[in-house]
Amino acid sequence: MRAPLKFLCVLLFVFPSLLIAQDDFRGFSVNPRLGTGYPLKYTMGVHAGAELCFYRNEIIYSAEYTFHEEFILFGEENFVINKIGFYYGKYWGENWFRYQVQGGLGPVWGRKMVSEYYSSFIAPAAFLKAGLKLIPVSFAAIGADIQLNLNPEIPNLMLMAGIDLGKLINPK
């Protein structure tokens, strides 16, 4: 089973306990994401992942897992990146639109092609993320983010889109 599927299974397993923890937080969401990435020194890649967010007093806490690989139709990819990020940030808006800015830290690991051979790596990383969400109902939103992944191995820029499901603090 691929790592993103394992992460989603863990989220679905702990999801009921998140409902109980709502006394301390004003909202939460589970966000499956898809997108494209632009790493330095390699060609464009695709990624999939999921994020778990908690909202409280215009502060957002989140944890994210992302699987990112080079987009190749035939043959082997030149890189594969796995990332776990823990974020802290701020959001504005509780009606139709929400803007958010976050920064975080976490490990990245994977493999990359070096001189016709694969080389495995693990490295610390810093992440910056900015996003916009359209919130038509109180339990679902459509979002888009841009994220900068700064690490010593394969730094990259990612564009993400996805849906947010949960309690989104929307009074409608």
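User: Why does Lys 83 count as buried?

Analyst: Buried means under 20% relative accessible area, exposed means over 50%, and partly exposed lies in between (1.4 Å probe, protein chains only). Lys 83 counts as buried because its relative accessibility is 2%. Before we go on, a word about what you are looking at. This is a predicted model, in which local features need pLDDT of at least 70 and side-chain atom pairs count only at pLDDT 80 or more, while totals for chains, interfaces and linings use all residues. Residues are numbered from 1 along each chain as its sequence is written, and side-chain values use heavy atoms, with hydrogens and water left out.

User: What is the mean pLDDT of the chain?

Analyst: Think of pLDDT as the predictor's confidence in each residue, from 0 to 100. Here the chain has a mean of 81, with 80% of its residues at 70 or more. Among the elements, strand S7 (residues 140-150) has the highest mean pLDDT, 92, and helix H1 (residues 3-20) the lowest, 51. The pLDDT falls below 50 over residues 15-23, a stretch with 10 contacts in the model beyond near neighbours in sequence. A contact means heavy atoms within 4.5 Å.

User: How many helices and strands does the chain have?

Analyst: Helices (H or I, at least four residues) and strands (E, at least two) are DSSP runs, numbered from the N terminus. By that reading, this chain comes to 1 helix and 8 strands. Their order from the N terminus is α-β-β-β-β-β-β-β-β.

User: Which way do S5 and S6 run, parallel or antiparallel?

Analyst: Two strands pair if DSSP finds at least two bridges between them. Strand S5 (residues 97-114) and strand S6 (residues 117-137) run antiparallel and are joined by 18 bridges. As one example, Leu 105 has Ala 126 in S6 as its bridge partner. The hairpin of S5 and S6 has 2 residues between the strands, and Ser 115 takes a positive phi near 55° there.

User: How many bridges join S6 to S7?

Analyst: S6 and S7 are joined by 10 bridges and run antiparallel. They form a hairpin with 2 residues between them. Look for Leu 132, whose bridge partner in S7 is Ala 144.

User: Now for charged residues. Where do Lys 83 and Glu 64 sit in the chain?

Analyst: The general idea comes first: side chains of opposite charge can pair when their charged atoms come close. A salt bridge is a side-chain nitrogen of Lys or Arg within 4 Å of a carboxyl oxygen of Asp or Glu. The side chains of Lys 83 and Glu 64 meet in such a bridge (2.7 Å, N to O). This pair links distant parts of the chain, with Lys 83 in strand S4 (residues 79-92) and Glu 64 in strand S3 (residues 59-70), 19 residues apart. Glu 64 is buried, with a relative accessible area of 2%.

User: Which salt bridge joins Glu 64 and S6, and how many residues apart is the pair?

Analyst: Glu 64 also meets Lys 129 in a salt bridge (3.8 Å, N to O). Lys 129 lies in strand S6 and Glu 64 in strand S3, 65 residues apart. Both Glu 64 and Lys 129 are buried.

User: What is the distance, N to O, in the salt bridge of Glu 51 and Arg 33?

Analyst: Their side chains meet at 3.5 Å. Glu 51 is in strand S2 and Arg 33 in strand S1, 18 residues apart. Glu 51 counts as buried because its relative accessibility is 0%, and Arg 33 counts as buried because its value is 3%. The structure holds 9 salt bridges. Arg 33, Glu 51, Glu 64, Lys 83, Lys 129, Lys 133, Asp 145 and Asp 164 are linked in a network of them.

User: And the outside? Which residues make the nonpolar surface patch?

Analyst: Patches are made of residues with over 30% relative accessible area and no salt bridge: like charges are joined within 9 Å, nonpolar side chains (Val, Leu, Ile, Met, Phe, Trp, Tyr) within 5 Å. Here Tyr 38, Met 44, Val 46, Phe 71, Leu 128, Ile 146, Leu 148, Leu 150, Leu 157 and Leu 159 make a patch of about 800 Å². The areas come from the Shrake-Rupley method with a 1.4 Å probe; for residues, only the protein chains shown count as cover. S7 gives the most to the patch, with 3 residues. Met 44 lies in the loop between strand S1 (27-39) and strand S2 (45-56), and counts as partly exposed because its relative accessibility is 37%.
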